[in-house]
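I opened the notebook to look up the core, the aromatic rings and one alanine. Entries follow in the order I looked.

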Amino acid sequence: KCQRSKNTIVLVEAITTGNNNTTSTIGMFASHAWSVNPSSYGDGECFLFRANPNPKCFNWQPDFSGDEDFESQAVREQFMVAKNDFLAMGANSDGANGLRLDSDLIKGESHSALGFDSEPLAGFNKTFDVGVVEVYRLIREVDGKSIDGHNTTAFWDLQGFVND
């Protein structure tokens with residue numbers, strides 16, 4: 001449902017089970033519209049975050065040292081990935097993602113991501129059950145238009161109603 005919406009915030013209620021059942025609110029900001037794509041896309045405006053507990057933002061960290069090999073640089077620049085069976089942001093050298101949600105939005109996982117220099121967002125348990133997923137599109141308050149400048153046939157007005 002986000003194929004035409006750039007600049008979206010995905011919020012996820014991550015429920016970890018085990019000895020200490022915990023709930024955390026984690027998420028990602030996507031600078032490009034989500035769409036199934038054979039390769040990664042997006043840019044350095046993307047970021048990962050944890051809203052609760054212990055809020056923390058993980059912005060993309062470019063490497064200007066020139067010391068990284070081509071493979072490490074490619075992993076660092078894996079911003080957004082959307083396949084038929086998952087969507088994800090960030091990656092590390094073992095193929096895990098900073099935040100990954102399965103296509104049914106029931107299971108997720110979070111690992112450290114090289115480009116975002118992030119820690120697992122949901123805490124020590126790297127896998128979690130998804131309680132709720134919410135997606136927000138950034139809209140300018142002054143005129144109700146999206147910040148990406150693209151007009152669509154429907155948007156939320158200031159009272160929370162959908163306009164066509």
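**Core.** I looked up the largest nonpolar core in this predicted model. The core has 24 residues. Which of them touch the most other members? I noted W34, L48, M89, F116 and F128. Next I checked which elements give two or more residues to this core. They are β1, β2 (22-30), β5 (80-83), β7 (99-102) and β9 (127-137).

**A14.** I then turned to A14, which sits in strand β1, residues 8-16. Is A14 buried or exposed? Its relative accessibility is 0%, so I entered A14 as buried; the cut-off for that is under 20%. I listed its contacts, leaving out neighbours within four places in sequence. A14 is in contact with T22, T23, S24 and I26. The list also holds A122, F128 and D129. F128 had already come up among the core residues that touch the most other members. I also looked up A14 against S110. The two are 96 residues apart in sequence. In space they are 9.8 Å apart, C-alpha to C-alpha.

**Aromatic pairs.** How many aromatic pairs does the structure hold? I found three. One of them is F29 with F47, and this pair is stacked. I wrote down 5.2 Å centre to centre and 15° between the planes. F29 lies in strand β2 and F47 in strand β3 (residues 47-52), so this pair ties together parts that are 18 residues apart in sequence.

I checked how covered each ring residue is. F29 has 8% relative accessibility, so F29 counts as buried. F47 has a relative accessible area of 22% and is therefore partly exposed.

F47 also pairs with F49. I noted that this pair is tilted, at 6.1 Å centre to centre and 50° between the planes. The angle falls between the 30 degrees that bounds stacked and the 60 that bounds edge-to-face. F49 is buried, with a relative accessible area of 12%. I drew F29, F47 and F49 as a cluster linked by ring pairs.

**Charge over a ring.** Which residue lies over the face of F86? I found R100 there, at 3.7 Å from the ring centre.

Definitions and conventions. Residues are numbered from 1 along each chain as its sequence is written. This is a predicted model: local features need pLDDT of at least 70, side-chain atom pairs count only at pLDDT 80 or more; totals for chains, interfaces and linings use all residues. Side-chain values use heavy atoms; hydrogens and water are left out. Helices (H or I, at least four residues) and strands (E, at least two) are DSSP runs, numbered from the N terminus. Buried means under 20% relative accessible area, exposed over 50%, partly exposed in between (1.4 Å probe, protein chains only). Contact means heavy atoms within 4.5 Å. A nonpolar core is a set of buried Ala, Val, Leu, Ile, Met, Phe, Trp, Tyr and Cys residues joined through side-chain atoms within 4.5 Å. Rings of Phe, Tyr and Trp (its six-membered ring) pair if their centres lie within 6.5 Å; planes under 30 degrees apart count as stacked, over 60 as edge-to-face and the rest as tilted. A charge sits over a ring if NZ of Lys or CZ of Arg is within 6 Å of the ring centre and within 35 degrees of the ring normal.
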